[in-house]
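Student: Could you go through this structure with me? I'd like to talk about charged side chains first and then about strands.

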Amino acid sequence: MLPTIAEAKSIAEAFVDARRKAAALTAYPGTEPVDLQTALAIQDAAIPLFGEEIAGWKVGRINSPWLEKIGVNRLPGPIFAKNVQRAKAGQQSVGRIFEGGFGAAEAEFVFRLRCGPESGVKTLSLAETADLVDAVFIGIEVASSPFAGINIRGPLVTISDFGNNNGLILGAEIPDWRDSQLADWNVEAAIDGKAVGQGSASAFPDGPLGSVRYLIENLLARDIAVKPGLLISTGAITGVHEITDGQVFEAKFGNFDTINCKIAFATV
C-alpha cells in the first residue's frame, strides 16, 4: 500500500522533527515508499519544512536488485548550506551524525556549477553537462539519518530522508579537472588510520560526470532551479563506511591530496 499524501507529509514532518532535535527514530515513521514518485514526494515535502537554504545535492548509487525495480541507477538528496564546510589547513573539520541513527562517511568528487542549462532544456549529453561545470573539488559526504535502518531498507527509504545526507566537507580544488583523468584516480579511505576501502569513480555509470547529469535532469524534472554555484557530490568512490562519534575519516585522492574529518554526534 502506498502512503497517502497526508501520510507522506507526516513522514516528512517526523524526519524533520527528529533532525531538528538530534533525536533517533527507532522505526520508519509511517508506510515505507514503494515507488520513486512517492519517495521524492516525501523529500519534496520535507525540504520546505526544514526551511534551510540548499547549497547543493548529493547523488547516491542504486544497484541491483533495486536498479531493476526502480529503473534508475542513482538517487538525490539535498545538502543544506549550514552543513557545508571548507577544509582548512591546521583546523579539524567535524562531521555530525545522529546518535542512535545511521552514520557513515564517503569519499567523493564534488562538482560546482557555473550555471544551469538554457530554459526549456530537460536532458543533457555528458559534453553539455561538462560545459555547465565551474570547478571540481575532493570531498567527504557525511551520510546520516535519525533512522538507523535507512541504509538497509533500500534507496526509496533513503530518498525519503534527504538522501541520508547530513553534511559535506570540501577539500582542495582540482586544477584542470577536464584533463586530470580524475575518474581513474585510485581513492583510498581509512578510519582511525585503518584502511577501509579503495576504488575509482570510473566504476560509476558514465563516471562522476554521469552523476552531475543525473542530478541536473532530476532537478529539472521536479521544477527545482539549477542555480550557479550549486554543489553536486557525485557518489561514494570507496564505499559507504559506517562510523561513530570520535572517529576520524580520511580519504586520499590518488597522488593529488588528502582530506579528513572527525565525527561527532549532532547536537541541538
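Tutor: What follows is a chat about salt bridges and strand pairing in this model, which is predicted.

Student: How many salt bridges does the count come to?

Tutor: The count comes to 8 salt bridges, and we can take some of them in turn.

Student: Okay, what does Asp-17 meet in a salt bridge?

Tutor: The side chain of Asp-17 meets that of Lys-21, with a distance of 3.2 Å from N to O. Both residues belong to helix H1, which covers residues 5-21, and they sit 4 residues apart, about one turn of the helix.

Student: And why does Asp-17 count as partly exposed?

Tutor: Buried would require under 20% relative accessible area and exposed over 50%, so Asp-17, at 35% relative accessibility, counts as partly exposed.

Student: Which residue forms a salt bridge with Arg-19?

Tutor: That is Asp-161, whose side chain meets the one of Arg-19 at 2.9 Å, N to O. This pair links distant parts of the chain, since Arg-19 is in helix H1 while Asp-161 is in the loop between helix H5 (155-160) and strand E7 (165-173), 142 residues apart.

Student: Are those two, Asp-161 and Arg-19, buried or exposed?

Tutor: Asp-161 is buried, and Arg-19 is buried as well.

Student: What about Asp-44, which residue does that one form a salt bridge with?

Tutor: Asp-44 forms a salt bridge with Arg-222, and their closest N and O atoms are 2.5 Å apart. Here again distant parts of the chain are linked, with Asp-44 in helix H2 (residues 36-50) and Arg-222 in the loop between helix H6 (207-221) and strand E10 (231-233), 178 residues apart.

Student: Why do Asp-44 and Arg-222 get their labels?

Tutor: Asp-44 has 32% relative accessibility and therefore counts as partly exposed, whereas Arg-222, at 15% relative accessibility, counts as buried.

Student: Switching to strands, how many residues of E7 are buried?

Tutor: In E7, 7 of the 9 residues are buried, so the strand is mostly covered under the limit of 20% relative accessible area.

Student: In which sense does E7 pair with strand E3, parallel or antiparallel?

Tutor: E7 and strand E3 (residues 84-86) pair in the parallel sense over 3 bridges, and Val-84 stands opposite Leu-168 in E7.

Student: And how many bridges are there between E7 and strand E6?

Tutor: There are 5 bridges between E7 and strand E6 (residues 133-145), and the pairing is in the antiparallel sense. Glu-173 in E7 is the bridge partner of Phe-137.

Note on methods. Residues numbered from 1 in each chain as written. Predicted model: local features only at pLDDT ≥ 70, side-chain atom pairs only at ≥ 80, totals over all residues. Heavy atoms only, no water. Salt bridge = Lys/Arg side-chain N within 4 Å of Asp/Glu carboxyl O. Helix = DSSP H or I, 4+ residues; strand = E, 2+ residues; numbered from the N terminus. Buried < 20%, exposed > 50% of the residue type's maximum accessible area, 1.4 Å probe, protein only. Pairing = 2+ DSSP bridges.
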